[in-house]
Amino acid sequence: MKSAWKMCAVMFLATSLVAQTNTEPRPRKSKPAPITAADVQALKDAIASQQAALAQQQQQIQELRDSLRSKDQAVQQAQTVATDAAGKADAAQVQASQQQQTVGELKTDVSDLKTNLLNTTMTIQEAQKSMSDAPTALHYKGITITPGGFLAAETVWRSRALAGEATPFNSLTMPGASQSNTSEFFGSGRQSRLSMLAQGQLKSTKLAGYYETDFLAAGITSNNNQTNSYVLRQRQAFVQAAFASGWSVTGGQMWTLLAETRHGLDNRTEAVPMTIDPNYNVGFSFARQYGLRLTKSFNNKVWAGVSMENAQATVSSHSNASNFLLGSAGAGGGLYNNGITACATTAVSTTTTTTTTTTTTTASTTCTPASSYSFNPSPDIVAKLAFEPGFGHYEVFGIYSRFRDRIFPCEENFASAGCGSLTAASAAGAFNNSKNGGGFGANARWSFYNKHIDFGLHALGGNGIGRYSASGLPDAAVHADGSLNLIRTYQGLATLEWHSPKLDVYFNAGADYAGRAVSFDSISAKQVGYGAPTFKNSGCYSEVAPTVATGFIPSGLGSCTADTRVLVEGTFGLWFKPYDGSKEKVNRGRIQWGPQFSYVDRETWSGAGSPNEPHGLDAMIFTSFRYYLP
């Protein structure tokens, strides 16, 4: 680089000298003039001028050299800096690559952390939701156990005594009964309820077992005297397999399929009236009994179900001969209730005529079993369809029941030709006779105002289905010939409920109706059965003094058949919830208190005598203070 600059300077100087030389005028080809001192001086001046110019040029060249040297140094410094920068850049690139790898690993760790955090959050949310929506669950091996129930402190006051915690609607006393002239008060914790739900999940099947119990049962030693020693009873106990295809199989003791459900045909969603009374409300159709149930869900909009349930015939008939048999008291060895509540002894006169007439008087003792068991020919069959089209819940259902009794035609009509003209009652010619019964019903329920208001309707009617009523109406009476005479019954209930976080209010209005079931006995020349217009009711208004000196056995009324025609009940109540843990992150249970007022009217079939249509009336006030398990 320096040599190039030097060469350029020399060439520039030579060019200048040549240029100056060329600019001098050439002498003519004449005789040269003589050189004078002036000429020499001029030449010296020119040479000096050239030397000065050359010195100036050399100075310029030196300056250029210095400038080039500075630039070279700057270039060298720049090269050094560039080299250092390149080294640093390479190092930075390596470091950046390492950092990028580290960042990638950090991103993976952060992503994993986010996933774990999301899963943890979802688990916490599910746990919080589970804690808020349902009782706290326990996990044992592969199953989840959910305890439930409530503890209760409850009272009942009635204007007319019934000697019962749950209201025996069909036993409301007539105006003349001693119980109708006195009120009663009872307090109890017997309705306290305990439950347990066990669930296990297979690949495509959900297994469940549910048990529910309370203390509304009485043993032989149970009393209110000192320890109120009442016993546990089985409310529900069933197993269930629910498949992903929508099929479900349930077996055990459960609410009958007749009972309304709030969603589909799902167990444990029964639309039970919100009453404190353990017998709920007149017009409500229910039973809790053995059942084997098969249901199918179609897109969670339509459900179909059929169940095979335990049958049990209940009979109420008057003035019949002893020519029929439906069952017996329970067998103690068979773990059924074989208790006897009362026995009555009457004198029976038998007259025989041979050569002389002889009258023999014997004692006949009749005992009433505490619980009777009918010999059922088959189970009850219930079929139901449920619909949830988007607004409301709707159900239509039917029930088939078969009844059977054993008839003894020669017990009363022993002198007939068909009995061989016997002289005394006999079991000769006894045979079994069956009869079909059943009915149809429908349920509907609607929610309004963001589910703050629920309105429900229920109706059921048919022959031989009285025991499914809350009133406990009979299924059948008995014809004069000993065959069963099924009673037509109708059951209906309307419910209106208002719900808020702190308060629930409910209104119920229901009715149960039982028709007349009467036939004429030509041998005794009187009507027999249920609700006959010839039955006497005139004694229903006359009080009778006790006949047993115990102070605890009121006498029955004479000439007072009083078969129920219709029972009507209106109920109003509310539940106040000062604390509800289901609305909090940690569910600590629920406290609620409520009063209930009910008024019941039991109207009877008219009979002979006057007055002949007595009513059994009762006004009742219930209270309940409960703690529900979380």
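**Close-ups of a predicted model**

**View A. Met308 and the nonpolar surface patch.** Met308 sits in strand S9 of this predicted model. Its relative accessible area is 32%, so Met308 counts as partly exposed. Met308 helps make up a nonpolar surface patch of about 810 Å². Its fellow members are Phe243, Trp247, Val249, Tyr290, Leu292, Leu294, Val306, Ile381 and Tyr400. At least two patch residues come from each of strands S7 (247-255), S8 (288-298) and S9 (302-309). The top contributor is S8, which puts in 3 residues.

**View B. The hairpin of S23 and S24.** Here strand S23 (residues 517-521) runs antiparallel to strand S24 (residues 526-530), and 5 bridges join the pair. Look for Ser519 of S23: its bridge partner over in S24 is Val528. The two strands form a hairpin with 4 residues between them. In that turn, Ala525 has a positive phi of about 55°.

**View C. The two faces of S23.** Side chains in a regular strand alternate between the two faces of the sheet. In S23, Ala517, Ser519 and Asp521 belong to the covered face, while Val518 and Phe520 are on the uncovered one.

**View D. Gly429 in its loop.** Gly429 lies in the loop that links strand S16 (393-407) with strand S17 (431-448). With a relative accessible area of 53%, against a cut-off of over 50%, Gly429 is exposed. Setting aside neighbours within four places in sequence, Gly429 is in contact with Ile407 and Pro409. Cys410 is 19 residues from Gly429 along the chain, yet their C-alpha atoms are 6.9 Å apart.

How values were computed. Residues numbered from 1 in each chain as written. Predicted model: local features only at pLDDT ≥ 70, side-chain atom pairs only at ≥ 80, totals over all residues. Heavy atoms only, no water. Buried < 20%, exposed > 50% of the residue type's maximum accessible area, 1.4 Å probe, protein only. Contact = heavy atoms within 4.5 Å. Pairing = 2+ DSSP bridges. Patch = residues over 30% accessible without salt bridge, like charges linked within 9 Å, V, L, I, M, F, W, Y side chains within 5 Å. Areas by Shrake-Rupley, 256 points an atom, 1.4 Å probe, with all protein chains shown as cover. Salt bridge = Lys/Arg side-chain N within 4 Å of Asp/Glu carboxyl O.
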